[in-house]
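Me: I am new to this structure and would like a close look at a single part of it. Please take one residue as the starting point and work outwards from there, in connected prose.

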Amino acid sequence: MEIWLNPACSKCRSAVEVLDGAGADYTVRKYLEDPPTVDDLRDVLTRLDLEPWDITRTQEAEAKELGIGGWERTDAARERWIAALAAHPRLIQRPIITADDGSALVGRSEDAVREAVARAGGGTS
């Protein structure tokens with residue numbers, strides 16, 4: 001299991017506390033320091049079963065500067081969104097947890113993080 005996080009984010013810190021409390025085996029990706037590539041984003045979006053606009057923090061100042069809120073949310077615009085997230089990782093919703101079973105979820109709540117632990121088969125083996 002991998003968690004994409006920003007250590008300054010309270011939701012990310014809470015997710016790590018839940019993972020640690022459950023004894024989960026995971027790796028940390030500080031995605032602002034190690035930004036996901038376009039291919040990484042395509043993969044995680046497939047795993048999340050979401051579109052790029054679903055994981056975009058559109059209220060961030062950077063998003064407003066780019067005018068993302070006015071972008072089309074269509075198949076034709078999908079790659080534009082993905083490229084923007086790769087170029088501006090601060091706009092990616094966090095934390096994102098990828099599970100070993102091939103799934104992923106946005107761990108903004110303790111319940112979602114617990115679901116990720118359950119998908120991974122519980123805590124450490």
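Reply: In this predicted model, Ile 68 touches Thr 56, Thr 58, Ala 63, Trp 81, Ala 84 and Leu 91, when residues up to four places away in sequence are not counted. Ile 68 also belongs to the largest nonpolar core, which has 21 residues, and it is listed there with Leu 41, Ile 55, Ile 92 and Ile 96 as the members that touch the most other members. Two elements give two or more residues to this core, namely helix H2, residues 38-48, and helix H4, residues 78-87, and of these H4 gives the most, with five residues. Apart from this core lies another one, made of 17 residues, with Met 1, Ala 112, Val 113 and Val 117 among them. As a general background to such groupings, nonpolar side chains in soluble globular proteins tend to be buried together.

One of the contacts of Ile 68, Trp 81, leads on to the aromatic rings. The structure holds two aromatic pairs. In one of them, the rings of Trp 53 and Trp 81 have their centres 5.7 Å apart and their planes at 70°, and because planes over 60 degrees apart count as edge-to-face, the pair is described in that way. Trp 53 lies in the loop between H2 and helix H3, residues 61-66, while Trp 81 lies in helix H4, so this pair ties together parts that are 28 residues apart in sequence. Both Trp 53 and Trp 81 are buried. In the other pair, the rings of Trp 71 and Trp 81 have their centres 5.5 Å apart and their planes at 80°, so this pair, too, is edge-to-face. Here Trp 71 lies in the loop between H3 and H4 and Trp 81 in helix H4, so the parts tied together are ten residues apart in sequence. Both Trp 71 and Trp 81 are buried. Taken together, the ring pairs link Trp 53, Trp 71 and Trp 81 into a cluster.

Trp 71 also has a charged neighbour, since Arg 80 lies over the face of its ring, at 3.8 Å from the ring centre. A second arrangement of this kind involves Arg 29, which lies over the face of Trp 4, at 5.3 Å from the ring centre.

Arg 29 then leads to the salt bridges, of which the count comes to ten. One of them joins Arg 29 to Asp 34, with the closest N and O atoms 3.4 Å apart. Arg 29 counts as buried, because its relative accessibility is 12%, whereas Asp 34, at 42%, counts as partly exposed. Arg 29 forms a further salt bridge with Asp 40, and in this case the closest N and O atoms are 3.1 Å apart. This second bridge links distant parts of the chain, with Arg 29 in strand S2, residues 27-30, and Asp 40 in helix H2, eleven residues apart. Asp 40 is partly exposed, with a relative accessible area of 25%. Arg 29, Asp 34 and Asp 40 are thus linked in a network of salt bridges.

Helix H2, which holds Asp 40, is also joined to helix H4 by a salt bridge, this one between Arg 42 and Glu 79, with the closest N and O atoms 2.7 Å apart. Arg 42 lies in helix H2 and Glu 79 in helix H4, so the pair ties together parts that are 37 residues apart in sequence. Arg 42 is partly exposed, with a relative accessible area of 32%, and Glu 79 likewise counts as partly exposed, at 37% relative accessibility. The two helices of this bridge are those already named as giving two or more residues to the largest nonpolar core.

As for how far the prediction can be relied on by its own score, the protein averages a pLDDT of 94, and 97% of the residues score at least 70. Confidence is highest in H4, at a mean of 98, and lowest in H5, at 91. Helix H4 is thus the element that gives the most residues to the largest core and also holds Trp 81 of the ring cluster.

Notes: Residues are numbered from 1 along each chain as its sequence is written. Side-chain values use heavy atoms; hydrogens and water are left out. A nonpolar core is a set of buried Ala, Val, Leu, Ile, Met, Phe, Trp, Tyr and Cys residues joined through side-chain atoms within 4.5 Å. Buried means under 20% relative accessible area, exposed over 50%, partly exposed in between (1.4 Å probe, protein chains only). Helices (H or I, at least four residues) and strands (E, at least two) are DSSP runs, numbered from the N terminus. Contact means heavy atoms within 4.5 Å. A salt bridge is a side-chain nitrogen of Lys or Arg within 4 Å of a carboxyl oxygen of Asp or Glu. Rings of Phe, Tyr and Trp (its six-membered ring) pair if their centres lie within 6.5 Å; planes under 30 degrees apart count as stacked, over 60 as edge-to-face and the rest as tilted. A charge sits over a ring if NZ of Lys or CZ of Arg is within 6 Å of the ring centre and within 35 degrees of the ring normal. pLDDT is the predictor's confidence in each residue, from 0 to 100.
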